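I opened this entry to look up charged pairs and cysteines. My notes follow in the order in which I checked things.

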Amino acid sequence: MSTSIYSGPVFAMARQQFAQVADHLQILEMDRDRLLYPKRAVAVSCPIHRDDGRTEVFQGYRVQHHLTLGPTKGGTRFATSVDIGEVAALAIWMSWKCALAGLPYGGAKGGITVDPYALSPRELEGLSRRYMQEMIPFVGPHTDVMAPDMGTNEQVMAWFMDTYSMYQGQTINEIVTGKPVSAGGTLGRREATGRGVAYLVGRALDHLGIRADRATAIIQGFGNVGSVTAYCLAERGVKIVGVCDHTAAYHDPAGLNVAGLQRHMAKNGQLAGFSAQGLIEPAELLLRKCDVLVPAAIEQVITGENAPRLQCRILAEGANGPTTPEADAVLQQRGDEIFVLPDILCNAGGVIVSYFEWVQDLQRLFWEETEVFDRLYRILERSFQQTIARAKRDRISHRMAAMAIGVSVVQSAKQTRGLFP
Ligand code: NAD
């Protein structure tokens with residue numbers, strides 16, 4: 001495609017990764033744009049009344065990557081970084097992620113360009129409801145199913161579901177996943193991404209012959225993914241020696257008190273103020289020695305500049321797109337020094353349990369928590385094994401292997417169905 005509306009560094013990264021995997025898979029030039037470029041994109045204006053009486057308009061987006069395997073599925077991000085290019089990249093990554101996990105979905109993503117921390121609860125509710133109301137013509141339980149992402153949570157999903165349902169005149173739980181259990185959510189969804197990250201870190205530690213109770217971890221981001229990952233790793237005996245969020249970074253080689261950090265977060269909503277000791281520069285934290293480094297916040301934090309200086313054994317990508325292609329090249333050069341759990345494998349727990357939630361909502365039949373996690377770990381185990389085996393067979397990185405599996409699934413579905421979806 002010679003011109004498109006998608007641009008910016010995150011989209012460029014998704015495109016560059018795809019070009020590499022397409023070369024590896026020897027996908028014909030004429031088939032590449034059809035696989036890469038989203039099926040549809042919607043931009044909406046969301047006006048709300050601010051608490052001070054002003055009216056303010058926020059820009060929202062939704063990108064649906066492909067409808068070849070079923071409805072699209074993907075999170076909703078409220079952040080100042082949100083633009084159409086970032087949302088499209090995240091939708092594309094969701095497609096490869098769902099295909100790798102064997103879920104019957106294409107990828108989607110949405111978001112609003114806003115600082116959610118600067119909104120009052122009433123303003124956040126107004127904006128969430130208005131966004132969903134603008135999206136009603138474009139989403140549906142069998143066309144596009146939303147979920148949480150950075151800056152959104154269970155409460156926002158409940159507002160989405162309620163707004164959509166009131167418009168339809170009946171409760172449609174299956175329009176959104178990541179809802180509270182009281183609004184038709186599934187047991188285990190809130191913890192699913194972090195639990196999945198911890199499960200795969202456990203498998204990587206086994207693979208490398210490192211005992212969990214002798215391992216250390218550093219986690220960037222202490223929201224849904226980061227805080228649950230910290231808790232689950234600590235439960236497995238891993239010592240958490242560093243954490244940070246957008247307000248503060250802490251490092252303590254003797255180990256941080258994860259339960260204390262979680263209590264502080266629940267009360268204050270941010271890490272700043274947790275302690276006067278152990279404060280460290282956030283950029284410095286990623287470079288400290290540890291067995292497991294978990295970026296669980298934003299994109300492009302592992303770069304060509306800091307990748308040569310990482311001192312971890314395992315890079316577990318809780319976030320989407322934390323590692324740039326330049327950093328990937330450095331990690332490749334470093335050979336077996338760093339075992340990468342690529343994002344589309346590592347953080348797939350969220351969408352897998354979202355899929356379980358959708359299935360349960362459609363059937364009106366709800367599962368025990370043990371069933372949710374047993375099924376989750378089975379899928380993650382299969383994806384982990386497939387990725388490792390493919391990387392070994394083709395002598396490629398784990399990221400290339402995971403993407404090659406995902407892209408091939410979408411490519412063969414497109415080949416068999418034809419040009420429409
Ligand atoms: P969240 O909003 O709950 O938490 C984000 C965290 O990142 C917060 O602690 C925030 O303070 C921190 N953060 C933001 N900017 C930062 C910066 N510059 N430096 C350090 N920390 C910063 O979001 P989340 O749902 O935990 O999502 C985190 C990442 O995981 C995103 O990349 C998201 O796309 C990805 N992800 C989330 C899910 C899910 O189920 N929530 C699933 C798969 C992937």
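Is Glu 125 buried, partly exposed or exposed? The model is a predicted one, and in it I found Glu 125 partly exposed, with a relative accessible area of 28%. I then looked up its partner. The side chain of Glu 125 meets that of Arg 129 in a salt bridge, at 2.9 Å from N to O. Arg 129 is also partly exposed, at 24% relative accessible area. I noted that both residues lie in helix α4, which covers residues 121-135. They are four residues apart there, about one turn of the helix.

Next I took the whole structure. My search for salt bridges returned 31. Side chains of opposite charge can pair when their charged atoms come close. I picked two further pairs and one network to write down.

First pair: Arg 62 and Asp 144. Their closest N and O atoms are 2.7 Å apart, and I logged the contact as a salt bridge. The two residues sit in distant parts of the chain, 82 residues apart. I placed Arg 62 in strand β2 (residues 55-64) and Asp 144 in strand β5 (residues 144-148). I checked accessibility for each. Arg 62 has a relative accessible area of 1%, so I entered it as buried, the limit being under 20%. Asp 144 is buried too, at 0%.

Second pair: Lys 179 and Asp 361. I logged a salt bridge here with the closest N and O atoms 2.7 Å apart. This pair again links distant parts of the chain, with the two positions 182 residues apart in numbering. Lys 179 is in the loop between α5 (154-168) and α6 (189-208), while Asp 361 belongs to helix α12 (residues 349-363). Lys 179 counts as buried because its relative accessibility is 1%. For Asp 361 I read 0%, which is buried as well.

Network: I found Arg 50, Asp 52, Arg 54, Glu 56 and Glu 123 linked by salt bridges.

Last, the cysteines. How many disulfides does a search of the whole structure find? I got zero. I looked at Cys 98 in particular, which is in no disulfide. The nearest cysteine sulfur to it is that of Cys 346, 16 Å away. A disulfide needs the two sulfur atoms within 2.5 Å, so that distance rules out a bond for Cys 98. Cys 98 is buried, with a relative accessible area of 0%. I also looked up Cys 46, and at 0% relative accessibility it counts as buried.

Notes: Residues are numbered from 1 along each chain as its sequence is written. This is a predicted model: local features need pLDDT of at least 70, side-chain atom pairs count only at pLDDT 80 or more; totals for chains, interfaces and linings use all residues. Side-chain values use heavy atoms; hydrogens and water are left out. Buried means under 20% relative accessible area, exposed over 50%, partly exposed in between (1.4 Å probe, protein chains only). A salt bridge is a side-chain nitrogen of Lys or Arg within 4 Å of a carboxyl oxygen of Asp or Glu.
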